[in-house]
Amino acid sequence: MARPKADLPHSADLNALVTEGQLRVRVTPGARSESVAIEDGRVLVKVRARPTDGEANLAVEKLVARALGVPTSRCRIVRGATSREKLLAVES
């Protein structure tokens with residue numbers, strides 16, 4: 001059975017939350033499904049990958065980049081590599 005596609009917000013809504021090239025997110029690793037949601041002005045990211053060997057961090061970068069509509073190379077975690085609260089640098 002194929003996995004469902006990730007639930008993503010409209011890229012313009014997510015781009016509106018990028019301030020000075022940075023985006024704050026709260027991550028839930030090991031989730032059943034992947035999604036990016038905006039709730040009360042916060043970005044919540046759920047990824048299937050487990051937080052071992054940086055797998056969840058890579059999944060977060062890929063998913064957020066896809067949601068923003070930018071290449072994965074332009075979205076990097078700059079703070080919070082071992083925390084659920086992360087700061088991503090986004091180049092547009």
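Which side chains meet in a salt bridge at 2.6 Å, N to O? I looked, and the pair is Glu 85 and Arg 26. Glu 85 sits in strand S5 (residues 85–90) and Arg 26 in strand S1 (residues 22–28), so I was looking at a link between distant parts of the chain, 59 residues apart. A note to self before going on: this is a predicted model.

**Entry 1: the salt bridges**

I wanted the total next, and the count came to three salt bridges. Glu 85 turned up again, since its side chain also meets that of Arg 42 in a salt bridge, at 3.5 Å from N to O. Arg 42 lies in strand S3 (residues 42–46) and Glu 85 in S5, so this pair ties together parts that are 43 residues apart in sequence. I wrote the three residues down as one group: Arg 26, Arg 42 and Glu 85 form a network of salt bridges.

How open are these residues? I checked each one. Glu 85 has a relative accessible area of 39%, so I put it down as partly exposed. Arg 26 is partly exposed as well, at 27%. Arg 42 comes out at 40%, again partly exposed.

Then I went to the pair Arg 76 and Glu 61, whose side chains meet at 2.7 Å, N to O. Arg 76 belongs to strand S4 (residues 75–79) and Glu 61 to helix H2 (residues 55–68), so a strand and a helix are tied together here across 15 residues of sequence. The two partners have their own labels: Arg 76 is partly exposed at 37%, while Glu 61 has 8% relative accessibility and counts as buried. I had to recall that buried means under 20%.

**Entry 2: the order of the elements**

I stepped back to the whole chain. I found two helices and five strands. Reading from the N terminus, I get the order α-β-β-β-α-β-β.

**Entry 3: helix H2**

H2 caught my eye, so I went through it properly. It has 14 residues and reaches 20 Å from its first C-alpha to its last, close to the expected 20 Å. Is it buried or exposed, for the most part? Ten of its 14 residues are buried, so H2 is largely enclosed by the rest of the structure. The buried ones include Ala 56, Asn 57, Val 60, Leu 63 and Ala 67. Glu 61, the salt-bridge partner of Arg 76, is also one of the buried residues of H2.

What do they pack against? I noted helix H1 (11–15), S1, strand S2 (35–39), S3, S4 and S5. Right after the helix comes Gly 69, with a positive phi near 80 degrees.

**Entry 4: the nonpolar core**

A reminder from class: in soluble globular proteins, nonpolar side chains tend to be buried together. I looked for the largest nonpolar core here and found 23 residues in it. The members that touch the most others are Leu 23, Val 45, Val 47 and Val 64. Two or more residues come from each of S1, S3, H2, S4 and S5. H2 gives the largest share, with eight residues.

I picked Leu 23 and listed its contacts, skipping neighbours within four places in sequence. Among them are Leu 14, Leu 17, Val 18, Val 43, Val 64 and Leu 68. Leu 23 is also in contact with Lys 86, Leu 87, Leu 88 and Val 90.

**Entry 5: the overall build**

How does the chain compare with a compact globule of 92 residues? Such a globule would have a radius of gyration near 12 Å, and this chain has 12 Å, so the two agree. The C-alpha atoms fill a box of roughly 40 × 25 × 25 Å along the principal axes. I also noted that 35% of the 92 residues count as buried.

For contacts between residues at least 6 apart in sequence, 42% join residues at least 24 apart. The exposed surface is about 6,000 Å², and carbon and sulfur atoms supply 46% of that.

**Entry 6: one histidine**

Last, I looked up His 10, which is in the segment before H1. At 55% relative accessibility, His 10 counts as exposed. I also checked His 10 against Ala 37: they are 27 residues apart in sequence, and their C-alpha atoms are 9.8 Å apart in space.

Conventions
Residues are numbered from 1 along each chain as its sequence is written. This is a predicted model: local features need pLDDT of at least 70, side-chain atom pairs count only at pLDDT 80 or more; totals for chains, interfaces and linings use all residues. Side-chain values use heavy atoms; hydrogens and water are left out. A salt bridge is a side-chain nitrogen of Lys or Arg within 4 Å of a carboxyl oxygen of Asp or Glu. Helices (H or I, at least four residues) and strands (E, at least two) are DSSP runs, numbered from the N terminus. Buried means under 20% relative accessible area, exposed over 50%, partly exposed in between (1.4 Å probe, protein chains only). A nonpolar core is a set of buried Ala, Val, Leu, Ile, Met, Phe, Trp, Tyr and Cys residues joined through side-chain atoms within 4.5 Å. Contact means heavy atoms within 4.5 Å. The radius of gyration is taken over C-alpha atoms; the globule rule is 2.2 Å times the number of residues to the power 0.38. Accessible areas come from the Shrake-Rupley method with a 1.4 Å probe; for residues, only the protein chains shown count as cover. The expected span of a helix is 1.5 Å times one less than its number of residues.
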